[in-house]
Amino acid sequence: MRKGKLTFPLRLNIVSPSTAKASRVFAIGDIADNQSVKRAGSAFATGKISAVNIYSQLLAVEDEKRTAELAEFPAVPPMMALAVGREAVAFGPGFDTKSGVDMMEWMFQDDLGWKSTLKHLGLTSEEEKEEEDEEAKKKEEESAKAAKAEEAKKDEIADLKVQELSVSSETTVAA
Ligand SMILES: Cc1cc2nc3c(=O)[nH]c(=O)nc-3n(C[C@H](O)[C@H](O)[C@H](O)COP(=O)(O)OP(=O)(O)OC[C@H]3O[C@@H](n4cnc5c(N)ncnc54)[C@H](O)[C@@H]3O)c2cc1C
């Protein structure tokens, strides 16, 4: 225990002082001491893991043959993304602080991350899911088309080079 604060390591329940009741108390969000930057993403993840662990404990209480298998919250490297107007600024593992419109698109898309948050929470309706699948399929087809066009362009350039070479060698022979 730290001053004015309970520590909730890995499985997010109180382990010290370890009493049976205390081990049924879980922390989620900013109060969970995960020693990383306090973020909405971590809040979602700790909520999910705590819910899984509470469910596992309930099953173990109901069925003596079961033991509560508690999931752990992994160590999260420091990261943060902030939307500022039409741009976003972010830092994270593998890249230094970056900002710009492209960061906005990457981190929050065009709706401040609303759709991706709903998706993450499993709150996307079937219709929206179908729309997303359709959009992903369309994007995939477009990029395949672009790759094919790029290939065709390369082949065309290669053909032109071969033609140029044969013309120049014919000219040399004629000369
Ligand atoms: C200015 C600011 C900007 C941020 N920007 C980002 C960002 O861009 N990206 C990011 O990932 N994170 C950001 N964060 C951090 C993010 O908001 C938090 O990490 C996240 O909201 C934590 O979620 P939580 O559920 O633990 O707490 P909260 O979202 O704070 O929810 C706690 C809730 O409990 C309620 N509450 C408090 N006391 C009581 C009580 N006694 N009884 C009943 N209800 C109570 C509060 O009113 C509140 O609604 C930002 C934080 C701040 C302050």
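Student: What makes Q109 count as exposed?
Tutor: Q109 has 12 C-beta neighbours inside 10 Å. A residue is exposed if 12 or fewer other C-beta atoms lie within 10 Å of its own, buried if there are 20 or more, and partly exposed in between, with the C-beta atoms placed from the backbone. The count of 12 meets the exposed cut-off, so Q109 gets that label.

Student: What kind of model is this, and how are residues numbered?
Tutor: It's a predicted model, where local features need pLDDT of at least 70 and side-chain atom pairs count only at pLDDT 80 or more, while totals for chains, interfaces and linings use all residues. Residues are numbered from 1 along each chain as its sequence is written.

Student: Where is Q109, and what is its phi?
Tutor: Q109 is in the loop between α2 and α3 (114–120). Its phi is near 50°, a positive value in a residue other than glycine. L112 is in the loop between α2 and α3 too, and its phi is near 55°, again positive in a non-glycine residue.

Student: Why is L112 called partly exposed?
Tutor: L112 has 13 C-beta neighbours inside 10 Å. That falls in between the two cut-offs, so partly exposed is the word for L112.

Student: How do you know what counts as a helix or a strand, and how many are there?
Tutor: Both are DSSP runs, numbered from the N terminus: H or I over at least four residues for a helix, E over at least two for a strand. The protein comes to 4 helices and 3 strands, in the order α-β-β-β-α-α-α from the N terminus on.

Student: What makes β1 and β2 a pair?
Tutor: Two strands pair if DSSP finds at least two bridges between them. β1 and β2 have 5 bridges, so they qualify, and the sense is antiparallel. One place to look is A83, which stands opposite A88 in β2. The two strands form a hairpin with 2 residues between them, and G85 in the turn has a positive phi of about 60°.

Student: And how do you know that β2 and β3 pair?
Tutor: β2 (residues 87–92) and β3 share 4 bridges, so they pass the cut-off, again in the antiparallel sense. Along β3, A88 stands opposite G100, A90 has K98 as its bridge partner, and G92 faces F95. This hairpin has 2 residues between its strands, and G94 takes a positive phi near 90°.

Student: Why are β1 and β3 called edge strands?
Tutor: The open sheet has the order β1-β2-β3. β1 and β3 (95–100) each have a single partner strand, so one side of each has no neighbour in the sheet.

Student: What makes β3 lie largely in the open?
Tutor: Of its 6 residues, the number buried is 0, so none reaches the cut-off of 20 neighbours. Across the protein, buried residues make up 10% of the 175 residues.

Student: Which helix lies across the sheet strands?
Tutor: Helix α2 (residues 101–108) lies across β1, β2 and β3, at about 70° to β2. Axes here are lines fitted to C-alpha atoms, for helices over the stretch in contact (two residues are in contact if their C-beta atoms, placed from the backbone, lie within 7 Å), and angles run from 0 to 180 degrees between N-to-C directions.

Student: How do you know which residues surround the ligand?
Tutor: A residue is near a molecule if its C-beta atom, placed from the backbone, lies within 6 Å of it. The shell is G29, D30, K38, R39, A40, G41, A43, A81 and L82. Two or more of these residues come from each of α1 (40–62) and β1 (80–84), and α1 gives the most, with 3.

Student: What makes A43 partly exposed?
Tutor: A43, found in helix α1, has 15 C-beta neighbours inside 10 Å, so A43 sits between the cut-offs. Leaving aside neighbours within four places in sequence, A43 is in contact with I28, G29 and D30.

Student: How do you know how far to trust the coordinates?
Tutor: pLDDT is the predictor's confidence in each residue, from 0 to 100. The protein averages 82, and 81% of the residues score at least 70. Among the elements, helix α4 (residues 126–174) has the lowest mean, 83, and β2 the highest, 95. Where pLDDT is low, the predicted coordinates should not be read in detail.
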